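Here is a short report on a protein and DNA model. Look at the structure first, then read on.

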Protein chains: 2
Amino acid sequence: MDRRPVTLEEVARIAGVSRATVSRVVNGVATVDGELRRVVEKAISSTGYTPNRAARSLVTRRAGAIGLVLPDEGRTVHDPYFGRVVAGVLPVIRPLGVQLVLTTGDHREVVDDLRQNRLDGVILIHTHGADPLPRLLIEADLPVVLAARPVRPMPITYVDVDQAAGGALAADHLVSRGCRRPATITGPLETPAGQDRLRGFREAVAGHGLPEPVVVEGDFSREGGAAAARRLADADVDGVFIASDLMAAGALPVLRDHGRRVPEDVKVVGFDDSSPAVECDPPLTTVRQPVEDMAAEMARLLVQRVERPDRPVSSVVFAPTLVVRRSS
Amino acid sequence: MDRRPVTLEEVARIAGVSRATVSRVVNGVATVDGELRRVVEKAISSTGYTPNRAARSLVTRRAGAIGLVLPDEGRTVHDPYFGRVVAGVLPVIRPLGVQLVLTTGDHREVVDDLRQNRLDGVILIHTHGADPLPRLLIEADLPVVLAARPVRPMPITYVDVDQAAGGALAADHLVSRGCRRPATITGPLETPAGQDRLRGFREAVAGHGLPEPVVVEGDFSREGGAAAARRLADADVDGVFIASDLMAAGALPVLRDHGRRVPEDVKVVGFDDSSPAVECDPPLTTVRQPVEDMAAEMARLLVQRVERPDRPVSSVVFAPTLVVRRSS
DNA sequence: CTGAAAGCGCTTACAG
DNA sequence: CTGAAAGCGCTTACAG
């Protein structure tokens, strides 16, 4: 049994043409004569030929692979968000013959992999303000796409959800449910997501002619949500927009302990539609990001960037949706 | 600014030796003269040389990459288990210069990737009994490691937790907490995990001189757990081993609705130590698999298999541990 | 122990 | 439009 895969050489011999011609057909070069093309295509399918990517890589200096950079901390890998990103990226790149490589956020390694053509570009998820990697990559002019708007403005391609629109969605929903005395537990206010969700919520509340909402700053963590809820438990509010499901999961038991029933006394809307949203009691109404779609778009933008590095950077912002459950 | 990475050629010129010699030093061939080796090493570090993997791949017929095969269903990607696997594999293969490629379970693609040297081997997680992929890979003699013992015995390398020992751990704990009338909600009894957890639990219960436990078959799902709990709610039992946290999360509200307090009236032990275990009310005592360690071992076994395909297949079984929380 | 040389399987100017 | 040929950057028999 022959373990050696079919090569271009063999296809060429069978089709009675040169290797160059087969190569052109494989790569879809338009100038090949129609009849010849047909002969070659038949030879390809009869042999089951697939190009050897190492050989191709060697001459094109393309890896045929993009990287998904995880934070150094294993922490975020556990996040279901991560799986949704993968589910969005894969269907876009597989048909292109591009592989998805998982890599940790070690800066040297990422830059090295890119420089040495082991990776054609990278998708960065969960970068924080202090992370120097985005700027490093921009300065080296290496293809990169961020999964969120960077903390400080920079000439980089990113894909994000319209955070402010998400806050507004929450406000509109609470109002439609009869809330008149709104409050919010925000994310960390030094992050774009924290700021924008608050701004959107505030503006929509004002748009409904309601009083300025009570604002307590949180930190996106379960404990942070619980702490913020303690400060809110005795306030005169009847609806709370909590800027992450995880914080909401921390807040719910606190509200209950203070005798505030959800949704009867106070309605709650979260953000993310992550697993805590479903596992909470009651299950959370929440703002959902179309993560799979966003990830697919990141993959498309990255591939585009790899193929046409000269193109100007462009970013894309997606609209969030509301998932209604029993907490409101 | 020169974007071209340093090549073997340049290092050889700088060190005043042939390319072959540099190659030998890079690959740790022992026969190189000590002095020469030092000169070459200096040239390497002064230039920051890293081998071009496409070129190397082309001649060695090794991809320098292994695949992590996800189930076709995007479903399981969302599982935190997946992230723990990645966190375990990466530290093992990075130092070896091996990449981790994510791929879906399409059989043709997996076999093709392996045959065409785009992947040196694959790790299969979440395969079920009907999945033909493991057998396909064995028959083609392609390197593969399973994340669990296969449903039907086959000559394949796998890494698993000692499921029976996990069941015994649960039994011992319940008994030590004073339970005398045990019950269990099992996994699907056609799976090895379902069978073994039950067997281990039963044997340990018998070993303590207690009566045969009440057994209700479940299916590892939340709803299945709830359904099984309804059949158990009015039984005369004071301790339940539930073979997955997810089922336990479904069972807990049912028990509560039937007026059975956890842990006062009935103690509960789950399995997996997954996120539902923490998010349950009360949080679950549960059997934990050392997933990161197991994943690291899978990576090691796979790399070994790639390097020495002749070696006999061996598998590894890890011991589970008990995580005690408030449900017991 | 070391080097000259062949060759891995492609792509791509360059002629024609 | 097509082919002959060079070349991508390595590894590895093969001599010496």
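## Two strands across the chains

Strand β2 (residues 99-104) of chain A pairs with β2(B) in the antiparallel sense, over 3 bridges. Two strands count as paired if DSSP finds at least two bridges between them. Helices (H or I, at least four residues) and strands (E, at least two) are DSSP runs, numbered from the N terminus. In this pairing, Val101(A) stands opposite Val101(B) in β2(B).

## How the model is read

This is a predicted model, in which local features need pLDDT of at least 70, side-chain atom pairs count only at pLDDT 80 or more, and totals for chains, interfaces and linings use all residues. Residues are numbered from 1 along each chain as its sequence is written, chains are lettered from A and ligands numbered from 1 in the order in which they are written, and side-chain values use heavy atoms, with hydrogens and water left out.

## Where chain A meets chain B

How many residues does the contact take from each chain? It takes 45 residues from chain B and 45 residues from chain A. Contact here means heavy atoms within 4.5 Å. The two chains bury about 3,900 Å² between them, and 51% of that is on carbon and sulfur atoms. Buried area is the accessible area (1.4 Å probe) that two parts lose on being put together, summed over both.

Across this interface there are 10 residue pairs in polar contact, both residues being at pLDDT 80 or more. A polar contact is a pair of N or O atoms within 3.5 Å; within protein, one must be able to donate a hydrogen and the other to accept it, and residues adjacent in sequence count only if both atoms are side-chain atoms. On chain B, the elements that each supply at least two residues to the side touching chain A are α4 (53-60), α5 (80-93), β2 (99-104), α6 (107-115) and α12 (275-279). By class, this side of chain B has 18 nonpolar, 11 polar and 16 charged residues. Ala, Val, Leu, Ile, Met, Phe, Trp, Tyr, Cys and Pro count as nonpolar, Asp, Glu, Lys and Arg as charged, and the others, Gly among them, as polar.

## Salt bridges

Side chains of opposite charge can pair when their charged atoms come close. A salt bridge is a side-chain nitrogen of Lys or Arg within 4 Å of a carboxyl oxygen of Asp or Glu. The count is 35 over all chains. Between chain B and chain A it is 4.

Arg94(B) forms a salt bridge with Asp113(A), with the closest N and O atoms 3.5 Å apart. Arg94(A) forms one with Glu109(B), where the closest N and O atoms are 2.9 Å apart. Arg94(A) lies in the loop between α5 (80-93) and β2 of chain A, and Glu109(B) in helix α6 of chain B, so this pair joins two chains.

## DNA strand D

DNA strand D is surrounded by 30 residues, the closest being Thr21(A), Arg24(A), Leu36(A), Arg19(B) and Ser23(B). A residue is near a strand if one of its heavy atoms lies within 4 Å of it. Of the atoms of DNA strand D within 4 Å of the protein, 69% belong to sugar or phosphate and the rest to bases.

Which part of DNA strand D lies 2.6 Å from a polar side-chain atom of Thr21(A)? The partner is a phosphate oxygen. Arg61(A) also has a polar side-chain atom 2.8 Å from a phosphate oxygen of this strand. Arg24(B) reaches a base instead: a side-chain N or O atom is 3.3 Å from a base nitrogen. The largest share of the surface near DNA strand D, 5 residues, comes from α4(B).

## DNA strand C

Around DNA strand C there are 29 residues, and Arg19(A), Ser23(A), Thr21(B), Arg24(B) and Leu36(B) come nearest. Sugar and phosphate make up 69% of the atoms of this strand that come within 4 Å of the protein. Here the largest share of the nearby surface, 5 residues, comes from α4(A).

A backbone N or O atom of Ala55(A) lies 3.3 Å from a base nitrogen of DNA strand C. A side-chain N or O atom of Ser18(B) is 3.1 Å from a phosphate oxygen. A backbone N or O atom of Asp33(B) lies 3.0 Å from a phosphate oxygen.
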